[in-house]
Each structure stands twice: as C-alpha cells, then as structure tokens.
Amino acid sequence: MKNQDMATTCPNCQGFVRQIEIEEHVLFKGVEVTYTATLQQCSECGLELADIEEAAVMQERLADAYRKIVGLLGSEDIRRLRQEKGLSQQALADALEVGVASIKRWETGVVQSKSMDTLLRSFLLDNSCSEHTGNREFSIPRIRLVLETFADLLKRPLLKKDDRMLYAAKYLWYADMAAFRDLGRGMTGATYAALPMGPQLNNYRDLVDEILKADMTSASPLSKAETALIAAVARTFPTNKGVYDASHREAIWLRCATGALIPYSHAVDLTEMPTCKDLS
C-alpha cells in the first residue's frame, strides 16, 4: 500500500484523509480481474472516498486489466498507436468509419468488442499493402452486413455455423472486387486466397463464427452505390451454382498460384461481372 498525504478532511468524522493505492480483485465480464485502485481513506474512521477523476482512472485500470487478459488493445495502446501515426481522435474515427465518441470511450476505459479490436489492429498495427485489402480496413461486421444484404435480395441465407463458405465467399468476393473496380474501394477490407474451390475468404475457418455473431449496427452503413452494386451482383448471379461457376471462369483466380492472395488491382480484369456503367 502506498500513502500520500492530502490536505483533505473526512466528511464523516472530520479526520485526516490520505490518498492510498490498494489491490482490488473483482469479477468483470465473467473474468477474474486484479487491478490497482487509487482512492482516499480517512485515517480515523477508515471511510474510503474517490472523486470523479480517481473513479475514471480506476475504471480505465479495471478495463485495461480485463483487456490484457482477453487479448484486446488497452486504452494506452490505442492512444500510443494513434499518436505514433500522427492521428487525432477524429482522424482515426474517420479512417475506421466510426463515431469519434467511440475512439474517446476506448481510450478512457470502455472495452471495445472483439470485432472492433480487429478493426483497430488492422489499421494501427497492420502495415500490409492495400493491394490485398481494397483500400479499406478489414471489418467483420461489414462482412456480415454485406452477406445479410445479399441474403435479403436472394431470399435465402448464405452463411451458417461451420459453413465452408463455398457460395457466400463468392458473392462477397464479387462485391468487394467489383466495388474496388467501379468505386475505387472494396466493401469489407477482406483478403481473398486462390484455392481449388475458387476465390475464398482468407482464413475463413477462423472467421465464420465471428461473422455470425458480429453486430451489424457497428458497421459503417452501405452507401447507395454499394447497395446498388450488391443488387447488381445478386441479379447477375441469382443461384449459388451460377456464382460458383462464374468465379471459376475468372482469369484473375486462374492465374494465381494455389494459396496466393488475389490482388484487388486485378479486379479490372473481371469478366463475369459487368461494370456499373454497363449495368446502367
């Protein structure tokens, strides 16, 4: 325990109050967490007090202790990485397409979701070339949003638990690649590998469950142009077999080595999906 004299009087007994640090053990979000709490304690009656600033610090320490245990970026990690990139909170919010209030909360003790942590890491830590991400940060909630939009248009679900994504990945791939080709930016930031089964969402086995439980409301809304493009893909490929077979005819898949990532820049060579101009 560390004590520091403070010129404060106890409201209970008028005794002398000192600032102390104690180790707290609490259950937070189902996880046993240990953190250091800074508060004020009366040397006479033992009353413990915390002002607004101290309470905020304790909340941040609690949240960061939890985030460390479950493998999420901490408040200081987010602040430091943001500053190392020379970004203001608003600039980071704009880049991730979230509200600046979210950035402020994550930097001051509010725990981000796993999907948002992935998004933060992809922007703050991942220096991979946009050649494989379509000029957009990776977003699991946006993947689900795009797939659910397809499901509504096609009148059938595209993704289920333990799905191999034989068809869902093809619709997603066409949406991302066509968006990059026609709009200058992909829709989800996903990377795609050239596999024997055709273009496939990279690391899809690890992502299916995350996609299924992702909160679509946390994703940036689809623009009118993106929504129109998804509708165009759905009209072009109304059946699973149609989109599967079409993807296997695409030269940009055929010319990639098995397992290699398919560059978004090759989207200009798509042959099975008409451009927005051709569809208008």
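This report describes the overall make-up, the salt bridges, an annotated region and the aromatic pairs of one protein chain.

**Overall make-up**

The structure is a predicted model. Its chain contains 12 helices and six strands. The chain has 280 residues, of which 46% count as buried. The exposed surface of the chain amounts to about 14000 Å², and 52% of this area is supplied by carbon and sulfur atoms. Contacts across the sequence can also be described: when residues at least 6 apart in sequence are considered, 65% of their contacts join residues at least 24 apart.

**Salt bridges**

How many salt bridges does the structure hold? The number is 15. Three of them, including one between E60 and R79, are set out in the table below.

| Salt bridge | Closest N to O distance |
|---|---|
| E60 and R79 | 2.9 Å |
| E226 and R136 | 3.1 Å |
| K160 and D163 | 3.4 Å |

The discussion begins with the bridge between E60 and R79, whose closest N and O atoms are 2.9 Å apart. E60 belongs to helix 1 (residues 52–70) and R79 to helix 2 (residues 75–84), so this bridge ties together parts that are 19 residues apart in sequence. Both E60 and R79 are buried.

A further bridge is formed by the side chains of E226 and R136, at 3.1 Å from N to O. Why does this pair tie together parts that are 90 residues apart in sequence? The reason is position: E226 lies in helix 9 (residues 224–236), whereas R136 lies in the loop between helix 5 (114–124) and helix 6 (140–154). E226 has a relative accessible area of 5% and is therefore buried. R136 is likewise buried, because its relative accessible area is 8%; the cut-off for a buried residue is under 20%.

In the bridge between K160 and D163, the N to O distance is 3.4 Å. Are these two partners buried or exposed? K160 counts as exposed, because its relative accessibility is 56%. D163, in contrast, is buried, with a relative accessible area of 13%. Salt bridges may also share partners, and in this way E60, E76 and R79 are joined into one network.

**An annotated region**

According to UniProt, in an unreviewed entry, the feature "domain: HTH cro/C1-type" is placed at residues 78–109. In the model, the chain over residues 78–109 is 69% helix and 0% strand. The C-alpha atoms at the two ends of this stretch are 11 Å apart.

**Aromatic pairs**

A pair of aromatic rings is described by the distance of the centres and the angle of the planes. Across the whole structure, a search finds six aromatic pairs. One of these is formed by F150 and Y171. Their ring centres are 5.2 Å apart, with 50° between the planes, and the pair is classed as tilted. F150 lies in helix 6 and Y171 in helix 7 (residues 168–183), so the pair ties together parts that are 21 residues apart in sequence. F150 is buried, with a relative accessible area of 0%. Y171 is also buried, and its relative accessible area is 0%. Elsewhere, ring pairs link W173, Y174 and F237 into a cluster.

Methods: Residues numbered from 1 in each chain as written. Predicted model: local features only at pLDDT ≥ 70, side-chain atom pairs only at ≥ 80, totals over all residues. Heavy atoms only, no water. Helix = DSSP H or I, 4+ residues; strand = E, 2+ residues; numbered from the N terminus. Buried < 20%, exposed > 50% of the residue type's maximum accessible area, 1.4 Å probe, protein only. Contact = heavy atoms within 4.5 Å. Areas by Shrake-Rupley, 256 points an atom, 1.4 Å probe, with all protein chains shown as cover. Salt bridge = Lys/Arg side-chain N within 4 Å of Asp/Glu carboxyl O. UniProt positions renumbered as here; feature names shortened; annotations may be inferred. Phe/Tyr/Trp six-rings, centres within 6.5 Å; stacked < 30°, edge-to-face > 60°.
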